[in-house]
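Work through the exercises below with the sequence and the three-dimensional view open beside you. Try each task on your own before you read its solution.

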Amino acid sequence: MDNVKDRKILIVDDEPEIRAMVERFLRREGFYRIHTAGDCASALSLCRSVRPDMAILDVMLPDGDVFSLLSAIRQFSDMPVLLLTARGEDEDRLLGLGLGADDYMVKPFLPRELVLRLTAILKRVYSSPAEKRLAAFRLGDVLVDLDSAVVRGPRGEQALTAKEHALLAKLHQERNRIVTSDALCQAVWGDDSYGYKNTLMVHIRRIREKIEPDPSNPVHLLTVRGLGYKLLVKETG
Amino acid sequence: MDGMIRILRRYVAGAILLSVLLLLFNFILLGTLVFKEFRRQPSPEGVVREVAERLTREGGRYALGDEAARLLRRHRAWAMLLGEDGGVKWGERLPDDVPRTYRLTDVAKFSRYYLAEYPVYIWEHADGLVVVGFPKNSYGKYQFNWDADWVRSVPWRLLALLLLNAAVALLLSVLMGLRLVRSIRPLVTGVHKLAREEPVRLDTRGLLGDVAGSINTASAILQEKNAALKARDEARSNWIAGISHDIRTPLSMILGYASELEESPELPEEQRRQAGIIRRQGEKLRSLVRDLNLVSMLEYDMQPLHLERVRLPSLARQAAADMLNGGLDERYAIELRLADEEALINGDKKLLLRAIGNLLQNSVNHNPEGCRIAIETYLSEDRTRCCLAVRDDGRGVPREQLAELTELPYASKRKKPPRNGHGLGLPMVARIAKAHHGRLLLDSPDGGGLTAAMEFPAEGA
């Protein structure tokens with residue numbers, strides 16, 4: 001069961017054509033243990049009989065809304081849930097009800113988006129502890145290992161401080177995208193007050209001293225003037 | 001409440017003024033109406049004096065001047081002269097029932113009261129006492145005697161009388177004013193409530209019952225109309241939400257299968273390109289449905305706001321970063337001029353980001369040949385308002401079209417159909433600003449370019 005593709009997926013939607021389409025996309029992506037239901041009652045009985053590993057639930061069902069279904073499921077199962085909605089509902093309403101929905105998507109969605117979200121949730125919930133380790137990535141001839149908080153390169157092994165580690169983790173999570181200084185301060189200090197701006201610059205300079213061949217002419221951790229920073233990472237697949 | 005005190009004050013002042021005027025008026029009436037005859041000439045004393053002065057002695061006889069005799073006749077009075085011995089020395093028109101001799105006690109009596117029921121008046125004469133009698137019941141004679149202390153205290157007593165009168169007038173006017181205020185107060189609060197569109201239910205008994213009834217009716221009508229308006233707004237909003245919902249499911253299928261065809265390796269290049277077109281148009285429809293729903297929710301005040309303290313410069317950076325991360329073409333340049341880092345407002349982060357994104361996208365859409373876009377944040381001079389402006393140096397908009405850009409497309413106020421996109425972008429920004437108690441100001445200076453400034457009330461730091 002190490003492969004996410006081996007997981008059992010339950011699709012619940014009152015539109016048979018949507019069910020068929022989602023099932024088709026998942027099968028094409030390699031999922032093969034797929035069950036479908038069109039209403040709460042059959043969904044609940046399927047949950048009891050086949051014990052799916054994950055459910056994709058439409059918010060509006062003919063015999064009740066998804067929230068009563070979800071609380072019924074939660075009586076015996078902690079499986080992750082991805083909600084589908086055709087109304088422009090509030091995110092807080094969908095995810096903030098304490099029912100443990102993991103994510104939601106607003107219809108219409110592209111199949112690629114759905115599969116990406118689904119596999120992301122499955123990986124997060126079911127991957128072995130070894131796979132849960134934080135990423136290690138290469139910047140030129142430097143290897144950044146976030147899990148053990150060290151940088152290995154031509155200059156030897158250097159440890160990352162807690163703040164440097166938090167900054168690099170955030171930048172790596174949003175790699176190849178501009179991250180505003182406010183978002184970085186929020187990620188590291190839990191506060192986006194502008195008062196941290198200078199401190200942030202100091203930390204960025206220290207990170208550059210560890211990862212850049214020439215810290216005054218950075219090629220990996222770039223400054224986007226007036227906005228924030230961007231970590232360039234070549235995807236290795 | 002302030003109004004009620006004002007009414008009471010006016011009322012009391014009016015009552016006092018009225019009583020003072022009434023007092024003055026009464027004094028005048030007393031002089032002109034009541035004591036008018038007091039001043040009639042000649043008075044009985046005048047007659048007796050005239051007679052005494054005109055009574056002269058020639059030889060052994062007394063003679064009265066003609067004028068004095070006429071005076072006596074006119075008053076139908078009689079006259080006599082009493083000598084030192086109490087006998088009548090002379091008489092004129094003397095009635096028969098009047099004695100001809102008098103003792104000292106008789107003189108003392110009639111000098112104060114009546115002589116055989118005739119009111120008589122006396123005057124000193126060289127040869128005795130002149131007595132003039134007027135017809136019976138023509139004058140009343142009264143004797144007044146006063147304690148000297150009492151007479152001295154009269155001015156103070158009068159003053160006390162006046163003050164007591166003033167106090168009573170004040171008390172009565174306050175009491176009556178309070179009564180009036182008490183009957184008006186529910187009406188006033190009712191009208192104030194009416195202005196705030198709260199339901200009003202007043203007691204229709206009492207003096208101003210019909211006014212109270214009218215206020216109740218007005219309130220009922222207002223409530224009814226508001227309820228009808230709200231129901232209609234809700235119906236419209238729900239209708240749009242319903243249509244959006246019904247579009248989303250088929251659109252899911254269109255997008256899903258089109259993107260599958262687009263990525264299918266078995267299809268020839270041309271068909272995959274066409275599937276790509278279907279997918280992109282489907283995505284356009286998706287954004288239209290999304291925007292339509294949000295604009296409709298905002299228009300009918302049904303969009304929930306998740307308010308928190310937001311720094312505008314932080315939002316400006318986020319919006320610019322989102323735009324650049326989304327792959328902005330090189331023809332466009334974004335510049336930030338963030339003057340005041342502490343420009344705080346109370347706002348919904350997601351909605352505000354959406355609004356700034358719309359403004360940026362608007363500049364991009366309307367200037368296909370490229371432009372420079374500046375995002376500015378600043379506080380107004382009195383630091384009560386925070387502004388976020390998106391300024392481009394592109395083609396701009398003719399001044400007369402600026403106002404209708406924030407109207408909904410196809411609204412009656414909007415004459416031209418939207419040029420690019422679905423035309424919901426700027427109306428949405430205007431409505432997001434309004435939902436934050438702010439506004440959207442559009443300007444297109446003559447040199448070209450468009451400036452869209454959102455202005456919000458500043459949140460005290």
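The exercises that follow concern a predicted model, and each task is followed by its solution.

**Exercise 1. Describe the contact between chain B and chain A by its residues and its buried area.**

Begin by counting the participants: chain B brings 32 residues to the contact, while chain A brings 34 residues. Next, turn to the area, which comes to about 3,000 Å² buried between chain B and chain A, with carbon and sulfur atoms giving 53% of it. Finally, look for the residues of chain B that lose the most area to chain A, which are R248(B), R317(B) and N325(B), together accounting for 19% of what that side buries.

**Exercise 2. Find how many salt bridges and polar contacts link chain B and chain A, and examine the pair R317(B) and D182(A).**

The count of salt bridges between the two chains is seven. In the pair R317(B) and D182(A), the closest N and O atoms are 2.6 Å apart, and because a salt bridge requires such atoms to lie within 4 Å, this pair qualifies. If you then count residue pairs in polar contact, with both residues at pLDDT 80 or more, you arrive at 10 between chain B and chain A.

**Exercise 3. Determine which helices of chain B supply the side that touches chain A, and what kinds of residue that side holds.**

Four helices of chain B, namely α6 (209–263), α7 (269–299), α8 (312–325) and α9 (349–366), each supply at least two residues of this side. Of the elements that contribute, α6(B) gives the most, with 13 residues. Sorting the residues of this side of chain B by kind yields 10 nonpolar, 10 polar and 12 charged.

**Exercise 4. Describe how α1(A) and α5(A) pack against each other.**

Start with the geometry: α1 (residues 16–29) and α5 (residues 111–126) of chain A pack at an angle of about 65 degrees, their axes being 10 Å apart, and the crossing is right-handed. Then list the residues that meet, which are V22(A), F25(A), L26(A) and E29(A) from α1(A), and P111(A), L114(A), V115(A) and L118(A) from α5(A). Classified by kind, the residues of this contact are seven nonpolar, no polar and one charged.

**Exercise 5. Examine the backbone at P108(A) and at R383(B).**

Recall that most residues other than glycine have a negative phi, and that most peptide bonds are trans. The bond from K107(A) to P108(A) is cis, with omega near -5 degrees, and P108(A) is found in the loop between β7 (103–106) and α5 of chain A. R383(B), which is not a glycine, has a positive phi near 60 degrees, and R383(B) is found in the loop between β11 (371–379) and β12 (385–392) of chain B.

Technical notes: Residues numbered from 1 in each chain as written. Chains lettered and ligands numbered in written order. Predicted model: local features only at pLDDT ≥ 70, side-chain atom pairs only at ≥ 80, totals over all residues. Heavy atoms only, no water. Contact = heavy atoms within 4.5 Å. Buried area = accessible area lost by both parts, 1.4 Å probe. Salt bridge = Lys/Arg side-chain N within 4 Å of Asp/Glu carboxyl O. Polar contact = N/O pair within 3.5 Å; in protein donor to acceptor, adjacent residues only side chain to side chain. Nonpolar A, V, L, I, M, F, W, Y, C, P; charged D, E, K, R; others polar. Axes fitted to C-alpha atoms, helices over the stretch in contact; angles between N-to-C directions. Left-handed = near helix turned anticlockwise from the far one by under 90°.
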